[in-house]
Structure formats: C-alpha cells, structure tokens
Amino acid sequence: MRIAGYAAIALAVIAAFVVVQAAFIIDERQQAVILQFGQHVRTIQEPGLHLKLPFIQNVFFFDRRILMADGSVDEYLTLDKKRLLVDHISRWRIEDPLLFYQTVRTETGALARLEQIIGSKLRQEIARHNFIEIIREQRETIMATVTGEAKPLAERFGIALLDVRVKRLDLPTEVQDSVFARMEAERRRIAMRYRAEGEEKAREVRAEADKEREIILATAYREAQGLRGEGDARSTRLYAEAFGQDPDFYGFLRRMEAYEKVLEKGTTLLLDSRSELFRFLTGPGSGGR
C-alpha cells in the first residue's frame, strides 16, 4: 500500500510537470512560433491557453505591438554638397513571426537591420535635394519616399515598416558658426536697408512738413500785413477826419500824447525855452501860434 501511494504521488508529480511543459499562455500583446527540432510546426497569434508537445517542441514569443526604432544620428550630404546631421525615428511591428525568427532572431537584430535599410534610403533621398529644400518644404515628401522604398526591404525580415520620421535636422558643429555668421550678416543687411528706407521716408515727411509750415507762415504773414495795412489806413483816415474837424484840438491831443510818452514820472529834461515842447506848458492861452 505504501509503495502504491508513493507511485501515485510520483505519477501525479510527473503529470503536473508534463502539463506545465506542455501548456503555455499567450496574451494579447504577444504572438508565438512553435518549432520541433528546428522545424516550424505552427504560428500562434490568438491570445489564450495553448498546448505543445513537451520536451520536443519549443515556443518562441514575439511582441505583436507597434514598436519604435530610434536611429542614431548620422551625417548626410545634400545635392548642393551641404553636410547635414539627421536623427530619425521609425515605427514598425513584427508581421511574420517565423520569417522574423529565421532572419533576425531578436528585436536587437531587427533594429540593426532597420538602421541599415532606413539609413541607406535616407542617404539616397537626401542626396537628391538641396539643403534649403530639405529644411523648408520637402521634409514630408522625403520621409514618405524613404518609407515607401524601405517597406519592401523590411518585409524580407518579417517586419512591417509603418513610417519613418525625422526627429532632428542640424548642421555639424564646425559648420554652425559660419552658417550663423552668414545669417547674422544677412539680417544686418536687411536691417540696414529698412533703416535707410525709414530715414528716406522721414526726410520726405520732414520736407513736406517744412513746406506746409512755410506756406502757413507765409499765408499768416500776408493776412497779418493786410490786416495791419487796413488798420493803418483806418487810423490815418480817422486822424485825417479829426484833423479836418478841429486842427487846433487835434494838434493839442497829439502833443499831449507826446508829453505822456516823454514826461514819465521822475523824468528831468533840459530844453530851450523856445522849444516846441513848451508850447502848451508855458501857461494858459499859450496854445496860440
């Protein structure tokens, strides 16, 4: 009885071990390839619990999600012989697990292959465009072309290449200083042109303002002279009318005005007694001729 019990326990352990070796689980992020003595048995892409022959069949798991490949920064030459540093990134997934396993084995091997394929196509495409085109308007076109040409090459390794994007475009360090110096000189030239145009416009505005000022002053002076002439004429006419009415009284008023202007307070004059200035100051009735 005791031996039979030990045998049952041993069989149970062996059965459990066999089950553990035969059963495996694939989640929704994975896919697997089963090989038997190096020969392909089947490919599994459905998640769930699966079985294999223990000990003689091996399971190799692969990611079925979209993966990222961050390429290394490399130097490229444009059509106009400008050196350019390009840092690219790509998205891909394992489309054929068996072919992937047979050609590159692991994701590390796949990244190395993608680096070679994308780098080669990127170098060819950049060499077809000038520097300014790549920087300004042709980047999307270049990336679409590189993706389209690299896809068939990636499929040879069971890889589906989704897209390629440029993460950074830059100039080599030794070239940046000269480029920045040219850019600074160009901006300075543009600034000087704008300043010259502004100064020319300012001179035009000042000249126009000076002309308008002279016109206004001339017009005001003409009007002032006309008004002054009219006033003098009117004053002369009034004086003439007053003189015609009573010449003696007019003469008396004119001399009183002269006295008022000449004989201010505290003024001392030394004059001849026969001076015309004393005509109305010598006493009553002295206004006669």
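How many cavities of 30 Å³ or more does the count come to? In this predicted model, the count comes to 1 cavity of that kind, and about 40 Å³ of space lies in the largest cavity. Its lining is formed by Leu122, Ile126, Ile134, Arg139, Ile142, Met143, Val166 and Leu169. At least two residues of this lining come from each of α3, α5 and β9, and α5 gives the most, with 3 residues.

The protein as a whole, within which this cavity is set, has 289 residues, of which 24% are buried. Its secondary structure comprises 7 helices and 9 strands. When contacts between residues at least 6 apart in sequence are considered, 60% of them join residues at least 24 apart. The exposed area of the protein is about 20,300 Å², and carbon and sulfur atoms supply 57% of that area.

Helix α5, which spans residues 139–155, contains 17 residues, and at 1.5 Å a residue it should span 24 Å; the C-alpha atoms at its ends are 24 Å apart, so the expected and computed values agree. A kink of about 25° is nevertheless present in α5 at glutamate 149, shortly before proline 152. The buried residues of this helix are Ile142, Met143, Val146, Thr147, Ala150 and Ala154, and Ile142 and Met143 also belong to the lining of the largest cavity. The elements that cover the buried residues of α5 include α3 (107–126), α4 (131–136) and β9 (159–170).

Helix α3, one of the elements covering α5, has 20 residues and reaches 27 Å from its first C-alpha to its last, a value close to the 28 Å expected at 1.5 Å a residue. In α3, the buried residues are Ala110, Leu114, Ile117, Ile118, Gly119, Lys121, Leu122, Glu125 and Ile126. The charged residues Lys121 and Glu125 are thus listed as buried in α3, while Leu122 and Ile126 are found again in the lining of the largest cavity.

Attention may next be given to the backbone of two loops. Most residues other than glycine have a negative phi. Phenylalanine 55, although not a glycine, has a positive phi of about 75°, and its place is in the loop between β4 (48–51) and β5 (57–63). Because its relative accessibility is 54%, where the cut-off for exposure is over 50%, phenylalanine 55 counts as exposed. A positive phi, near 65°, is also found at lysine 81, a residue other than glycine, which is placed in the loop between β7 (74–77) and β8 (83–94). With a relative accessibility of 63%, lysine 81 therefore counts as exposed.

Among the strands, β6 (residues 67–70) contains aspartate 70. This aspartate and arginine 91 are separated by 21 residues in sequence, and their C-alpha atoms are 8.9 Å apart in space. When residues up to four places away in sequence are not counted, aspartate 70 touches Asp87, His88, Ile89 and Lys167. Of these partners, Lys167 falls within the range of β9 (159–170), the strand that supplies at least two residues of the lining of the largest cavity.

Technical notes
Residues numbered from 1 in each chain as written. Predicted model: local features only at pLDDT ≥ 70, side-chain atom pairs only at ≥ 80, totals over all residues. Heavy atoms only, no water. Helix = DSSP H or I, 4+ residues; strand = E, 2+ residues; numbered from the N terminus. Expected span 1.5 Å × (residues − 1). Bend = angle between axes of the 7 residues up to and from the residue. Buried < 20%, exposed > 50% of the residue type's maximum accessible area, 1.4 Å probe, protein only. Contact = heavy atoms within 4.5 Å. Areas by Shrake-Rupley, 256 points an atom, 1.4 Å probe, with all protein chains shown as cover. 1 Å grid on protein atoms, 1.4 Å probe; cavity = no way out; pocket = protein on both sides within 12 Å on 5 of 7 lines; lining within 4 Å. Points joined across faces, edges and corners; volume = space filled by probe spheres on them.
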